[in-house]
Structures are given as structure tokens and as C-alpha cells.
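Work through the exercises below with the structure open. Try each task before reading its solution.

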Amino acid sequence: MLTKLAGGRIYDPAQGRDGEVGDLFVRDGRIVADPGVAPDETIDLSGKVVMAGAIDIHSHIAGGKVNLARLLMAEEHRAEPFAAEGLCRCGGGVATPSTHVTGCRYAQMGYTAAFEPAMLASNARHAHLEMADIPLIDTGGYLVLGNDDLFLELLASGAGEAAIADYVGWMLTATRSLAVKSVNPGGINAFKYNQRKLDVDAAGPFHEISPRRILTALAAAVRRLGVPHPLHLHGFNLGVPGNVEATLESIAAVDGLPLHLTHVQFHAYGTEGDRRFSSAATQIAEMVNRTPTLSIDVGQIMFGQTVTASADTMAQMRTSGLAHPKKWAVMDIECDAGCGVVPFRYRDKAFVNALQWAIGLELFLLVTDPWRIFLTTDHPNGAPFTSYPELIRLLMDRDYRLAKLAELHPDVPAHCILPSLTREYTLGEIATMTRAAPARSLGLKDRGHLGPGAAADVVVYTDREDRRAMFETPDLVFKDGRLIVRDGVVVALAAGRTHVVEPGHDPAIEAWIDRRFEARMGQKLAHFRISADEIRDGDGLVRHDCRPGAF
């Protein structure tokens with residue numbers, strides 16, 4: 001069947017289209033060139049804004065920490081039934097929605113993909129099964145490395161770059177991952193030895209490896225393997241005043257290798273002023289603007305109740321005293337990493353929280369290239385992902401932004417440069433930051449754009465002055481050419497796909513890994529490895545090319 005989406009204003013940065021009026025043709029779930037024949041169906045989109053489906057590059061949607069958060073925040077699920085919204089079954093939870101509700105809410109906002117950024121190898125099978133239960137959107141996971149015993153042993157043994165890359169490549173393939181994530185490199189392992197702080201150049205316990213060495217080894221391995229997405233780094237001293245220095249050291253440490261810094265708002269703090277807490281957004285933005293191999297996502301905080309969930313046990317233990325409500329959990333995971341879950345309420349009248357809000361917006365407005373900065377709240381750590389429409393309005397409407405700033409703690413305007421920033425994002429820049437750029441960064445060649453051959457993930461909006469209302473409730477959302485949302489209501493359910501990479505590696509590394517599993521792990525290597533048919537049936541697994549030496 002050939003469908004014509006006629007006369008919309010198309011914002012497709014990957015194809016160089018910035019609001020031009022045009023037609024799209026869809027056949028068999030794909031965008032096709034104008035075939036020159038009469039369509040079977042024509043949908044008139046005159047006056048509407050048309051974009052590709054949005055892509056969330058960093059959102060905690062599945063895995064052990066997410067389930068711990070749901071258990072810890074059980075009151076969310078008692079308080080908010082979800083049955084009335086379209087075809088979605090009951091679920092609920094704002095910060096900790098069920099898998100089903102997660103997919104429905106993303107689709108209702110025009111998102112057609114979201115990626116779990118912290119998948120532990122020991123928990124990968126469960127994380128994949130949970131992601132497969134999320135309807136309507138594509139998913140994938142980033143494998144957490146850098147605190148796992150096998151990697152640290154390999155690095156401490158003096159193994160060369162090739163052997164380390166073989167280990168990383170084997171682990172990516174075995175766990176069916178899309179990218180590599182490192183969380184506070186070396187710090188989670190140090191926490192297991194009762195250390196509560198580990199500086200970038202300090203020798204860690206037992207193996208005596210510095211975080212800098214871990215960071216550079218992983219960044220080099222990712223590049224050597226040709227994994228499209230750079231090393232996805234959760235940096236050092238999260239949330240600590242003065243951590244901007246460690247953030248800048250991290251960038252310098254990789255010496256020009258591609259690097260993605262995640263939830264940078266939490267790593268952009270100085271110590272200036274009477275309160276010894278200040279914005280360092282300008283320093284971070286200047287570094288991004290002059291470093292073409294560097295990209296970031298922001299991790300914007302928004303005000304209200306949420307829950308923080310992270311493998312960074314150092315940070316989570318440190319903030320446990322601020323839990324709201326007063327309950328939390330921190331755990332070690334044998335031979336792998338860790339997990340901490342701490343509920344938190346961000347308050348607009350609290351100076352620190354209000355300045356965090358301003359710092360995130362400063363980063364968005366100071367980084368000049370929308371291809372290297374991505375819209376995130378580090379769901380649920382900074383705020384639930386359902387905050388995105390409000391965040392988009394803050395970026396696109398300066399008067400609205402200043403009005404919101406005026407409602408915050410009165411000392412904040414004097415401690416930031418946000419009042420002086422006049423930039424307002426355009427629709428084209430929003431389309432870049434939420435569609436084209438994350439697709440390019442992750443290597444998703446057939447997502448994030450509307451050119452021939454792309455998956456027909458298409459979103460149609462009414463152009464409203466109130467950008468929150470516009471992006472909160474799309475008119476139409478198509479997933480692989482099928483209409484799934486109309487006027488913000490789910491009208492059909494569909495399965496998403498799982499995106500993975502399978503980089504090449506020397507098969508001899510498996511013998512080394514197998515011996516370590518036999519000696520110290522609680523499961524056999526054969527049971528650890530995940531087969532393709534365990535995740536998705538048929539064409540549900542999408543493999544993306546790795547290009548060694550392409551960077």
C-alpha cells in the first residue's frame with residue numbers, strides 16, 4: 001500500500017529540509033521516493049509541522065535499578081491508574097512507569113525510540129526482556145564497563161590495546177548491546193573496598209589502576225572497534241561542587257578521541273560565591289564548542305518528585321541523606337558494578353536545585369552546535385521524560401524562561417548568566433537535537449530522518465505558539481508506517497525493535513573469558529551469552545555496522 005503524506009512543513013535536518021512544504025511517500029513501513037503513481041491513500045497535512053520520530057539517547061527505562069526504583073516508589077503505582085489513556089493497560093507511575101506505560105507515554109509525545117544507557121552485563125538478559133515488553137518504541141542498551149573485574153584484571157596485566165578491544169567487542173556482542181557506557185570509571189570498584197572518593201589520577205584499590213587509565217583504555221577500544229557511538233561517559237564526582245575540574249580533565253584525558261559526556265549538568269559545578277556552589281556551564285560549553293569530537297547530553301532537572309537511580313554507588317551513598325521520602329537502597333553487584341536508588345524532590349525555592357535548573361538551561365543555550373548536544377533529563381534522575389515538552393518550551397521561548405526564572409529562589413539570577421542569554425531554539429534545531437543528531441551519534445542510518453529508505457517513523461504537529469502544548473500532544477504519530485497515536489491518544493499497539501552492534505574481535509579472547517567465568521562467576525559462560533532469538537523474533541533485532549578506523 002502506498003500512502004502519501006501531503007503538503008506538510010517538513011523539518012528534516014539530515015536531509016537539509018528546514019520547514020519547506022513537501023510530500024512524503026510511505027510503502028511497506030519505509031519512506032520511499034515519489035513513485036510517480038497515484039497513492040492508495042492521501043493524508044492532507046497542509047499547515048502541519050512534520051518531523052521524524054524523536055529519539056531519546058539516554059533514559060533509564062529497563063533493568064535492575066529501574067525495578068528497584070519501582071519497588072521503592074510503590075506509592076506511585078497505587079496513586080495513578082493509567083487505563084483511561086488509549087489502549088494502554090493499567091500501570092502508572094510518573095518517575096517509575098511500567099514498561100507498557102513507558103512505551104505509551106513516549107509515543108504520545110512523538111518519540112519512537114529510547115535507549116537504556118546503563119545495562120550491566122550480569123543483568124543484560126533481564127534488561128532486554130524488559131525492553132522487549134515496551135511497546136511502540138525501539139530500544140537498545142549501552143553496556144556498562146570500567147568497573148568489572150575482568151576488564152580491570154586485563155588492564156592491570158598490561159594487556160595491549162588490541163586485547164582490550166577484543167574483550168570489549170566480545171562483551172558487546174554477547175550482551176547484545178549498542179554502545180559502551182562507563183560510570184565513574186574505577187569508582188564503583190573502589191566503593192566495594194570502602195573508598196568513598198577516587199580522583200582521576202589516584203590509584204584504585206587492589207589493581208592500583210587510575211580512573212584516567214580506565215577511561216583512556218575504553219575510549220581507545222570503542223574507537224578501534226568502530227562502534228558508531230563514542231564512549232558514553234558518566235564522569236567523576238557527580239553532584240559535587242567543583243567537579244567541573246574533573247570533567248575538563250576527563251575531556252583532556254582522551255586526547256581527541258571521540259567522547260560523549262552524559263548528564264553534564266550534574267558535572268558542571270564550580271565553587272564560587274558565598275555558598276561555594278556556582279555554575280560552570282560556560283567552561284563546559286566553551287570546551288564543547290572547540291572540540292568537534294565531543295558531544296554531550298544535559299540531564300536537565302525539573303522541579304517535583306522523582307527518584308534517582310544510578311550505578312554510581314559513591315554518589316548515591318553520598319546523597320542518601322537527602323532522600324525524599326526517607327528511604328533508599330545501595331547495593332554492590334559481584335564482579336560487575338553496583339546500583340543505588342534514592343528518591344528525591346527538586347524544589348524551586350531551594351537555592352541549589354534552582355541553580356541546577358539554570359545550569360542545565362545555560363548548557364543548552366551556550367553550546368552552539370545542536371548536532372552535539374542532546375535533550376535529556378537523565379530520566380528519572382533529573383526529571384521524568386514526560387517533562388520534555390516543558391523543557392522544549394523553555395528553550396524556544398525566552399520570555400517564558402525568564403518568567404519561570406523569576407519564580408525561583410531569589411538569589412539564583414545573581415549567580416548565573418541565564419538572564420542574559422537571548423537565544424531561542426528554532427524548530428529546525430529541536431528537530432536536530434531530538435531526531436537527526438541522536439540517530440547520527442548512535443549509527444542509526446535509517447532513523448532520525450525522512451529520506452528514502454528511512455523507517456517511516458513520522459510525527460505530525462499543529463504549529464502552536466505554546467511549544468509545550470505542541471510537543472506534548474502530536475496530531476499523528478506513525479511507527480514503521482502504521483498510525484499509533486492520534487491527537488495524543490494511542491490508537492494501535494505495535495512492537496518496537498532492538499538495536500545492537502556486533503563488532504569484530506579475536507575469538508581467542510573467549511577462552512580467556514571462559515577460564516575466568518569458571519574460576520569466579522556464578523554462571524557458565526554459555527548461559528551468560530545472549531542469543532539473538534532471546535530478544536526479538538524475526539527482524540526485530542536491528543544490527544548496525546561498526547567501522548574500524550572510520551574516526
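Helices, of at least four residues, and strands, of at least two, are DSSP runs numbered from the N terminus. The model is predicted.

**Exercise 1. Place Thr-432 and list what Thr-432 touches beyond its sequence neighbours.**

Solution.
- Step 1: locate the residue. Thr-432 belongs to helix H15, residues 427–442.
- Step 2: check exposure. Buried means under 20% relative accessible area. Thr-432 has 5%, so it is buried.
- Step 3: list the contacts. Leaving out residues up to four places away in sequence, Thr-432 touches Pro-13, Pro-370, Trp-371, Ala-437 and Pro-438.

**Exercise 2. Describe helix H8: its span, its buried residues and what covers them.**

Solution.
- Step 1: take the length. H8 covers residues 211–225, 15 residues in total. From first C-alpha to last, H8 reaches 21 Å.
- Step 2: compare with expectation. At 1.5 Å a residue, 21 Å is expected, and the span of H8 is close to that.
- Step 3: find the buried residues. They are Pro-211, Ile-214, Leu-215, Ala-217, Leu-218, Ala-219, Ala-220, Ala-221, Val-222 and Leu-225.
- Step 4: apply the helix repeat. An α-helix has 3.6 residues a turn, so residues three or four places apart point the same way. Ile-214, Leu-218 and Val-222 are among the buried residues of H8.
- Step 5: name the cover. It includes helices H5 (149–156), H6 (161–174) and H9 (244–253). Strands E10 (179–183), E11 (231–234) and E12 (259–261) are also included.
- Step 6: look just past the end. Gly-226 follows H8 and takes a positive phi of about 75°.

**Exercise 3. Work out the strand order of the open three-stranded sheet, then its pairing and its packing helix.**

Solution.
- Step 1: set the order. The strands run E16-E18-E17, with antiparallel pairing.
- Step 2: find the edges. E16 (304–310) and E17 (329–332) each have a single partner strand, so one side of each is left without a neighbour in the sheet.
- Step 3: add the twist. From one strand to the next, the twist averages 15°.
- Step 4: go through the pairs. Seven bridges join E16 to E18, and Ala-309 stands opposite Val-341 in E18. Four bridges join E17 to E18, residues 338–346. Here Met-331 has Cys-339 of E18 as its bridge partner.
- Step 5: add the helix. H1, residues 64–72, packs on the sheet and touches E16, E17 and E18. The direction of H1 makes about 45° with that of E18.
- Step 6: check the cover of E16. Five of its seven residues are buried, and E16 is mostly covered.

**Exercise 4. Find the largest cavity, its volume and its lining.**

Solution.
- Step 1: count. Five cavities of 30 Å³ or more turn up in the whole structure.
- Step 2: take the largest. It holds about 70 Å³ of space.
- Step 3: read the lining. His-60, Ile-61, Val-66, Ala-69, Arg-70, Ala-95, Thr-96, Pro-97, Thr-102, Ala-309, His-379 and Pro-380 line this cavity.
- Step 4: find the main contributor. H1 gives the most to the lining, with three residues.
- Step 5: link to the sheet. Ala-309, a lining residue, is the one opposite Val-341 in E18.

**Exercise 5. Characterise the loop between E19 and H13 through Asp-378, Pro-380 and Pro-384.**

Solution.
- Step 1: fix the ends. Pro-380 sits in the loop between strand E19 (373–374) and helix H13 (388–396). Asp-378 and Pro-384 lie there too.
- Step 2: check phi. Asp-378 is not glycine, yet its phi is positive, near 55°. Asp-378 is buried at 3% relative accessible area.
- Step 3: check the peptide bond. From His-379 to Pro-380 it is cis, with omega near -5°.
- Step 4: examine Pro-384. Its relative accessible area is 8%, so Pro-384 is buried. Beyond neighbours within four places in sequence, Pro-384 contacts Val-94, Ala-95, Thr-306, Thr-377 and His-379.
- Step 5: take a distance. Pro-384 and Arg-372 are twelve residues apart along the chain, and their C-alpha atoms are separated by 22 Å.

How values were computed: Residues numbered from 1 in each chain as written. Predicted model: local features only at pLDDT ≥ 70, side-chain atom pairs only at ≥ 80, totals over all residues. Heavy atoms only, no water. Expected span 1.5 Å × (residues − 1). Buried < 20%, exposed > 50% of the residue type's maximum accessible area, 1.4 Å probe, protein only. Contact = heavy atoms within 4.5 Å. Pairing = 2+ DSSP bridges. Axes fitted to C-alpha atoms, helices over the stretch in contact; angles between N-to-C directions. 1 Å grid on protein atoms, 1.4 Å probe; cavity = no way out; pocket = protein on both sides within 12 Å on 5 of 7 lines; lining within 4 Å. Points joined across faces, edges and corners; volume = space filled by probe spheres on them.
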